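Here's a quick briefing to read with the structure open beside you. Take a look at the fold, then work through the points below.

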Amino acid sequence: FILNMAIALAAADCVSALCSGKLHTAPAIKWPNDILLSDLKVAGILLENIWQGQRWDVCVAGIGLNLNQTDFSGVDGAASLHLLTGQTFEREEALSKLQQAVKARYRQWEIKPEEILVDYNAGLWRLGEYAAYQREDGSHLQLKLESVDERGHAITSDVAGAREAYPHGKI
């Protein structure tokens, strides 16, 4: 999951670089890897790991960045960088900034992987806030996101202070 965090951070870094000076808010990571700007999804990530037996072999990362789209009919909670800034973005510039960000976070992952976890947790959306969550069984909970651990589990606490770790998809 550390690589997932590194890719999410790279996407957030790219959004920051593209929107530098255009907005007064920083992108946030909605666990596990959506990128939000002003509480609206501007980027999403899909990772697929390929295993050879018990050995991790390859990871393919797909990063979708909403640059200039103006119509989000039927899609709640999404926006483009264009809609949020009023600017038009060049795809080649965005790709270049994204490549630079991925390379930088990959180097960080190789050299100091523990910093990836720290940076990821610092950039989490709604960190330390109570929010409504739904379990797989349909029951609803009020939980506070405390952090995400190295396995990618959301560490939460309920209103009584009881802590629990949830893997992605369980809430």
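## Hairpins, sheets and salt bridges

Strands β6 and β7 make a hairpin with 5 residues between them, and G152 in its turn has a positive phi of about 95 degrees. Before going further, know that this is a predicted model: local features need pLDDT of at least 70, side-chain atom pairs count only at pLDDT 80 or more, and totals for chains, interfaces and linings use all residues. Residues are numbered from 1 along each chain as its sequence is written, and side-chain values use heavy atoms, leaving out hydrogens and water.

A word on naming: helices (H or I, at least four residues) and strands (E, at least two) are DSSP runs, numbered from the N terminus. Two strands count as paired if DSSP finds at least two bridges between them.

**Around β7**

- Strand β6 (residues 140–148) pairs with β7 in the antiparallel sense, over 5 bridges.
- Within that pairing, L143 has D158 of β7 as its bridge partner.
- On to the next pairing: β7 and strand β8 (residues 163–166) are antiparallel too, with 4 bridges.
- Here I155 is matched with A165 in β8 as its bridge partner.
- The β7 and β8 hairpin has 4 residues between the strands, and G161 takes a positive phi near 95 degrees there.
- How many residues of β7 are buried? It's 4 of the 5, so this strand is largely enclosed by the rest of the structure. (Buried means under 20% relative accessible area, exposed means over 50%, and partly exposed is in between, using a 1.4 Å probe and protein chains only.)
- T156 sits in β7, which covers residues 154–158, and T156 is buried at 2% relative accessibility.
- Setting aside neighbours within four places in sequence, the contacts of T156 (heavy atoms within 4.5 Å) include L143, K144, Y166 and I171.

**The four-stranded sheet**

- Strands of a sheet pair through backbone hydrogen bonds, either parallel or antiparallel.
- One open sheet has 4 strands in the order β1-β2-β3-β4, with antiparallel pairing.
- Its edge strands are β1 (28–30) and β4 (55–65), and each of these pairs on one side only.
- Neighbouring strands in this sheet are turned by 25 degrees against each other on average, direction ignored. (Axes are lines fitted to C-alpha atoms, for helices over the stretch in contact, and angles run from 0 to 180 degrees between N-to-C directions.)
- β1 joins strand β2 (residues 34–37) in the antiparallel sense over 3 bridges, and I29 has I35 in β2 as its bridge partner.
- Which helix packs on this sheet? Helix α1 (residues 2–19) does, touching β1, β2, β3 (40–52) and β4, and its direction makes about 25 degrees with that of β4.

**A nonpolar patch**

- I50, V58 and V60 form a nonpolar surface patch, together offering about 210 Å² of accessible area. (Patches are made of residues with over 30% relative accessible area and no salt bridge; like charges are joined within 9 Å, and nonpolar side chains (Val, Leu, Ile, Met, Phe, Trp, Tyr) within 5 Å. Accessible areas come from the Shrake-Rupley method with a 1.4 Å probe, and for residues only the protein chains shown count as cover.)
- V60 lies in strand β4, and V60 is partly exposed with a relative accessible area of 47%.

**Salt bridges**

- Side chains of opposite charge can pair when their charged atoms come close.
- The structure holds 8 salt bridges. (That means a side-chain nitrogen of Lys or Arg within 4 Å of a carboxyl oxygen of Asp or Glu.)
- D57 pairs with R55 in one of them, with the closest N and O atoms 3.4 Å apart; D57 is partly exposed at 33% relative accessibility.
- In another, D119 meets R105, and their closest N and O atoms are 2.8 Å apart.
- D119 is in helix α4 (residues 113–122) and R105 is in helix α3 (residues 91–111), so this pair ties together parts that are 14 residues apart in sequence.
- Are these two partners buried or exposed? D119 is partly exposed, with a relative accessible area of 28%, whereas R105 is buried at 13%.
- E136 and K170 also form a salt bridge through their side chains (3.2 Å, N to O).
- E136 lies in the loop between β5 (130–134) and β6, while K170 is in the segment after β8, so the pair ties together parts that are 34 residues apart in sequence.
- E136 is exposed at 59% relative accessibility, and K170 is partly exposed at 37%.
- Salt bridges that share partners link D13, R105 and D119 into one network.
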